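Student: Got a minute to go through some helix packing with me? I'd like to start with a crossing.

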Amino acid sequence: MKTLQFTYEMRTGFDTSIWDHHYTLKCIPQSSERQRIEQCKFTIEPAGSFERSEDSFRNAVIFGSIQDAHDSFAVSVCGRAVTGLAQRETVRDPGRLGSFLVQSSYTAPGDGLKHYFDTRLSICRMERPYDKALSIMENLEKEFRYCQGVTNVATTAEEAWNLGCGVCQDWCHIMLGLCRMAGIPCRYVVGMLTGEGYSHAWVEIADGGYWYALDPTNHMIVEDEHIKISSGRDYHDCIVTKGIFQGSCCQTQQVRVAVEALTAETNEKAETIDYD
């Protein structure tokens, strides 16, 4: 169990002013059996108007709009989370597990993944879905490597597999596709990992009424280094920011994520910070 202090910052710049801007944000972590969000504050600039809600996957969602002209849009979320409270999370909607078995446009296997599943994976004799998923993750490390700049947000599992490398999104879509081929309900997770950089993605698989989290990119079981933000069938269900607006422009976006573990001393000092 750890106490993690986190910051998520996203800034989008527009080369000309836009207006009548409507947006959706999924960047607010929520408490669960695995983590407790003790403090959380978010700011949106320009302010505009917004409301909080949940999507069909129980992710926290912010719906907002900015009517006035503006040439930048910034979101900041900071707070503190206690992680590693449990090794698993209860499946809250068992009747919906079937939707996590269906391949999506991102995870659907082509000839390459089908051939790998049929000829290279030896999981048919394993009984527990968790053991099968763990074996898939362990074997994937031998066949796929991490590499930035080769894929993009539209890359599918089959496309990344044929390239032989990609980022966390690609690792997860490949693992989701293989798990679903093996009959394992599984979902895509977006969150934050200890360190500094960007948001991260990993996988949760269902077994015996519980969700178990695995991080194929880092070849590890998720314990207390991760903070979960959202989950869904694939990347599309967990897009952090989406929006429409009036105006014609080019956009640039910068994202910064920082997560650090608090020691007993820093944790005591953090009690004085106001995140309300």
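Tutor: Sure. This is a predicted model, and in it α1 and α4 cross with a right-handed sense.

Student: Which residues of α1 and α4 meet there?

Tutor: From α1, L113, K114, Y116 and F117 meet I174, L178 and M181 of α4. By class, that contact has six nonpolar residues, one charged and no polar.

Student: And how are the axes of α1 and α4 set?

Tutor: They come within 11 Å and cross at roughly 55 degrees. An angle between 35 and 65 degrees counts as oblique, so α1 and α4 are oblique to each other.

Student: OK, switching to α2. What is the handedness of its crossing with α4?

Tutor: The α2 and α4 crossing is right-handed. Their axes come within 10 Å, at roughly 135 degrees, and therefore this pair is oblique.

Student: Who touches whom between α2 and α4?

Tutor: A133, I136, M137, L140 and E141 on the α2 side meet W171, I174, M175, L178 and C179 on the α4 side. The split there is nine nonpolar, one charged and no polar.

Student: Which α2 residues are buried, and what do they pack against?

Tutor: Buried ones include Y130, L134, I136, M137 and L140. The buried residues of α2 pack against α1, α3, α4, β11, β12 and β13.

Student: Last one: what span should α2 have, at 1.5 Å a residue?

Tutor: Its 15 residues, 129-143, should span 21 Å, and the end C-alpha atoms are 21 Å apart, so the two agree.

Technical notes. Residues are numbered from 1 along each chain as its sequence is written. This is a predicted model: local features need pLDDT of at least 70, side-chain atom pairs count only at pLDDT 80 or more; totals for chains, interfaces and linings use all residues. Side-chain values use heavy atoms; hydrogens and water are left out. Helices (H or I, at least four residues) and strands (E, at least two) are DSSP runs, numbered from the N terminus. The expected span of a helix is 1.5 Å times one less than its number of residues. Buried means under 20% relative accessible area, exposed over 50%, partly exposed in between (1.4 Å probe, protein chains only). Contact means heavy atoms within 4.5 Å. Axes are lines fitted to C-alpha atoms, for helices over the stretch in contact, and angles run from 0 to 180 degrees between N-to-C directions. Angles under 35 degrees count as roughly parallel, over 145 as roughly antiparallel, 65 to 115 as roughly perpendicular and the rest as oblique. A crossing is left-handed if the near helix is turned anticlockwise from the far one by less than a right angle, and right-handed if clockwise. Ala, Val, Leu, Ile, Met, Phe, Trp, Tyr, Cys and Pro count as nonpolar, Asp, Glu, Lys and Arg as charged, and the others, Gly among them, as polar.
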